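Q: Please take a close look at one helix of this complex, describing how it packs within its own chain and then setting it in the context of the rest of the model. I would like one connected account, with the residues named.

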Amino acid sequence: MKILPNRVVPLALMGLAVFGSALADVPQVSLTIKDQQFTPKQIQVPARTKVEIRVNNEDRFPAEFESSDMSREVVVPGNSTVSVYIGPLPPGRYNFFNDFNHAAQGWVVSTPQPSK
Amino acid sequence: MFAAAVIVFREVLEAALIISIVLGASRGVAARGRWVAGGVVAGIIGACIVAVSAGVIARSFSNVGQPLLDAGILIAAVLTLSWHNIWMAKHGRSLATQVKALGHDVQTGNKPLTALMVITLTAVMREGSEIVLFLWAIAASGATRFGMLSGSAVGLIAGSLVGVLLYRGLLFIPLRHFFGITSWLILLLTAGLASEAAGFLNQAGLLPALGQGLWNSSAILSQDSVLGQLLHILAGYTARPSGIELVFYLTTLVGVFTLMRTIGRPMREGKPQAAQKTETVSQFP
């Protein structure tokens, strides 16, 4: 018995990716890894909103952007940029770190937006 | 050296536990050792390819290539494990009867063996690529080669040892209850992997979180504790699950359970003479 042909999974993922990029109305913030440190160490994001963090690793070797508070985990290869989507987050401070080098720590601070 | 030992241990442990459970669950199937070994080798090769092309993968699909790949590998593992469990629900009882009657492993055809290999491959590939990238990172930041190698060796041996212990432990379960228990273990494992896939798709911005952190049980059982980590690997325990992770977890749990009960219903109990026929397990409609 075959549950799904093997081709369906990659096709579905591609479909999802196209679908996802069509909805690209998400605020972006940038985060840089250089000399094994995050800059800035604290990122401000609007609360209760989905946000894209573009993590740019300017070091030559890989890092892993990880957060237990936000359950995020992604390898950022050397000299590369990856996108991590977070939220919507309730107001608060959320720790993140480089799992390949725990000396690098940072925080996402989500603050309520002024009332619309 | 310590950092290398810890991270290699963590990743090896995850793969080793998955492999020992599926090895246990396919007890009595002849030649499974060879197929699992094949899966390990293929997984290591796959891990190196993923690690070397990490840059290309990261940049693809608008910079969310890596979580997409992770989700894809996990979904492949979920489908294979589900299929394996449904197959075992159908054949487990007759396997147990035959193993008892014949006193040796049973030829079952290639289907469960291919599944075993795919599961092993996906587990080793996912965990292995992280090990390679991590070692690369610490090598570049100036760790000594000796420290790295000895740390990795310690982690590798310790992680595999826990896997062997789990497998040995499983074998203590009486044959009568054996496949019932292993199928529950696989069901929980599968649901955990499905929720992890949902987490990656959410991280890639493709699925809504449906509530980030529905609850926080860190105070009761931290995910960083030994027990928390083991439960995370074995049953997908998450201290702060998101809504979408919960939806995937429950859907997989209920869905696969229902399929096991319906299409995977055991064939009629084998009478002693039926146990002599080794072909009975080779057909799967």
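A: In what follows, a helix axis is a line fitted to the C-alpha atoms over the stretch in contact, and the angle between two axes is taken between their N-to-C directions, so that it runs from 0 to 180 degrees. The model is a predicted one, and the part chosen for the close look is α5 of chain B, which covers residues 111–140.

The helix itself comes first. α5(B) is 30 residues long and spans 43 Å from its first C-alpha to its last, a value close to the 44 Å expected at 1.5 Å a residue. Most of this helix is covered, since 24 of its 30 residues are buried. Just after α5(B), the backbone at B:Gly142 adopts a positive phi of about 100°.

Two helices of the same chain can be followed along α5(B). Helix α1 of chain B, residues 2–25, packs against α5(B) at an angle of about 180°, and the two axes are 9 Å apart. Because angles over 145 degrees count as roughly antiparallel, α1(B) is roughly antiparallel to α5(B). On the α1(B) side, the residues that make this contact are B:Ala3, B:Ala4, B:Ile7, B:Val8, B:Glu11, B:Val12, B:Glu14, B:Ala15, B:Ile18, B:Ile19 and B:Val22. They meet B:Leu116, B:Ile119, B:Thr120, B:Ala123, B:Val124, B:Glu127, B:Glu130, B:Ile131, B:Phe134, B:Leu135 and B:Ile138 of α5(B). Sorted by class, the contact of α1(B) with α5(B) holds 17 nonpolar residues, one polar residue and four charged residues.

The other helix is α2 of chain B, residues 32–52, which packs against α5(B) at an angle of about 35° with the axes 6 Å apart. The crossing in which α2(B) passes α5(B) is right-handed, and the residues of this contact comprise 18 nonpolar, seven polar and one charged.

α5(B) also has a part in the meeting of the two chains. In total, 37 residues of chain B are in contact with 36 residues of chain A. Along with α3 (54–63), α4 (65–102) and α7 (175–203), α5(B) is one of the helices that each supply at least two residues to the side of chain B that touches chain A. The most is given by α4(B), which contributes nine residues to that side. By class, the side of chain B that touches chain A is made up of 21 nonpolar, 14 polar and two charged residues.

Some residues elsewhere in chain B help to place this helix in context. B:Phe61, in helix α3 of chain B, has a positive phi of about 50° although it is not a glycine, and with 22 C-beta neighbours inside 10 Å it counts as buried. B:Phe172 lies in the loop between α6 (145–171) and α7 of chain B, where it is exposed, having 7 other C-beta atoms within 10 Å. The C-alpha atom of B:Phe172 is separated by 14 Å from that of B:Ala96, although the two residues are 76 residues apart along the chain. Further along, B:Leu250 belongs to helix α9, residues 243–261 of chain B, and is partly exposed, with 13 other C-beta atoms within 10 Å. The C-alpha atoms of B:Leu250 and B:Ala54, which are 196 residues apart along the chain, are separated by 32 Å.

Chain A, the partner, has one helix and nine strands, and the helix is followed by the strands when its elements are read from the N terminus. Buried residues account for 37% of its 116 residues. Of the contacts in chain A that join residues at least 6 apart in sequence, 57% are between residues at least 24 apart.

The backbone of chain A has some details worth checking in the viewer. The peptide bond from A:Thr39 to A:Pro40 is cis, with omega near -10°, and A:Pro40 sits in the loop between β2 (37–39) and β3 (42–46). The bond from A:Gly87 to A:Pro88 is likewise cis, with omega near 0°, and A:Pro88 is placed in the loop between β7 (80–86) and β8 (92–98). A:Asp35, in the loop between β1 (28–34) and β2 of chain A, has a positive phi near 50° although it is not a glycine, and A:Asp35 is exposed, with 8 other C-beta atoms within 10 Å.

Conventions
Residues are numbered from 1 along each chain as its sequence is written. Chains are lettered from A and ligands numbered from 1 in the order in which they are written. This is a predicted model: local features need pLDDT of at least 70, side-chain atom pairs count only at pLDDT 80 or more; totals for chains, interfaces and linings use all residues. Two residues are in contact if their C-beta atoms, placed from the backbone, lie within 7 Å. Helices (H or I, at least four residues) and strands (E, at least two) are DSSP runs, numbered from the N terminus. Ala, Val, Leu, Ile, Met, Phe, Trp, Tyr, Cys and Pro count as nonpolar, Asp, Glu, Lys and Arg as charged, and the others, Gly among them, as polar. The expected span of a helix is 1.5 Å times one less than its number of residues. A residue is buried if 20 or more other C-beta atoms lie within 10 Å of its own, exposed if 12 or fewer, and partly exposed in between; C-beta atoms are placed from the backbone. Angles under 35 degrees count as roughly parallel, over 145 as roughly antiparallel, 65 to 115 as roughly perpendicular and the rest as oblique. A crossing is left-handed if the near helix is turned anticlockwise from the far one by less than a right angle, and right-handed if clockwise.
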